[in-house]
Amino acid sequence: MELANVFAAAENSSQTASGAGVFGSLLCIIGMWKIFSKAGQPGWAAIIPIYNCYVLFDIAWGRPWKFLLLLIPIVNIVVYCMCMVRLAHAYGKGGGFAVGLILLPALFTLILGFGDSAYLGPQE
């Protein structure tokens, strides 16, 4: 195999991966828009980078300032998982759905946003 063919294959692969990343991000934005709207928050908040975390933590925790914990390395992974669990509970879903939100966020935010679950508020 020639070196030019190797570089062409690598470039093609990276274009496919970045296209999938953009598609996944769009699915998350659409799902978050609906989740925010169900909770009585503005849907457009899903497209504003830092403000969307603020609104998400307000919906899930009831304490929006906790999104600042995402700035601490290692702690941010734990806080993100806790936020997804609280988000699932805020919409009346269980732990299994929370695992789906953590592992497949694009799919499960769409299910949460377009599904029939109603916003119950932050659960303790």
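1. Phe 67 is buried in this predicted model, with a relative accessible area of 16%. This value places Phe 67 in the buried class because that class takes residues under 20%. Phe 67 lies in the loop between helix 2 and helix 3.

2. The partner of Phe 67 deserves attention next. The ring centres of Tyr 54 and Phe 67 are 5.9 Å apart and the ring planes stand at 85°, so the pair is edge-to-face. Because Tyr 54 belongs to helix 2 (residues 49–60) and Phe 67 to the loop that follows between helix 2 and helix 3, the pair ties together parts 13 residues apart in sequence. Tyr 54 itself is partly exposed, at a relative accessible area of 35%.

3. A further ring pair is formed by Trp 44 and Tyr 51, with centres 5.8 Å apart. Their planes meet at 20°, so this pair is stacked. Trp 44 is partly exposed, with a relative accessible area of 45%, and Tyr 51 is likewise partly exposed, at 31%.

4. Trp 44, Tyr 51, Tyr 54 and Phe 67 together form one aromatic cluster. Across the whole structure, six aromatic pairs are found.

5. Charged side chains also meet aromatic rings. Arg 86 lies over the face of Trp 61, at 4.3 Å from the ring centre. The charged end of Lys 93 is placed over the ring of Phe 97, at 5.3 Å from its centre.

6. Phe 97 leads to helix 4, which spans residues 95–103 and has Phe 97, Ala 98, Gly 100 and Leu 101 as buried residues. Why do these residues fall on the same side of helix 4? They cover an arc of only 155° around the axis, which puts them on the same side. The face turned away from this buried side carries the exposed residues Gly 96 and Leu 103. The cover over the buried residues of helix 4 includes helix 3 (75–90) and helix 5 (105–114).

7. As to the overall arrangement, the chain contains five helices and zero strands, and its pattern along the sequence reads α-α-α-α-α. Of the 124 residues in the chain, 30% are buried. Among contacts between residues at least 6 apart in sequence, 49% join residues at least 24 apart.

8. The surface may be noted last. The chain exposes about 7400 Å², and carbon and sulfur atoms supply 71% of that area.

Terms used:
Residues numbered from 1 in each chain as written. Predicted model: local features only at pLDDT ≥ 70, side-chain atom pairs only at ≥ 80, totals over all residues. Heavy atoms only, no water. Buried < 20%, exposed > 50% of the residue type's maximum accessible area, 1.4 Å probe, protein only. Helix = DSSP H or I, 4+ residues; strand = E, 2+ residues; numbered from the N terminus. Arc of directions from axis to C-beta. Contact = heavy atoms within 4.5 Å. Phe/Tyr/Trp six-rings, centres within 6.5 Å; stacked < 30°, edge-to-face > 60°. Lys NZ or Arg CZ within 6 Å of the ring centre and 35° of its normal. Areas by Shrake-Rupley, 256 points an atom, 1.4 Å probe, with all protein chains shown as cover.
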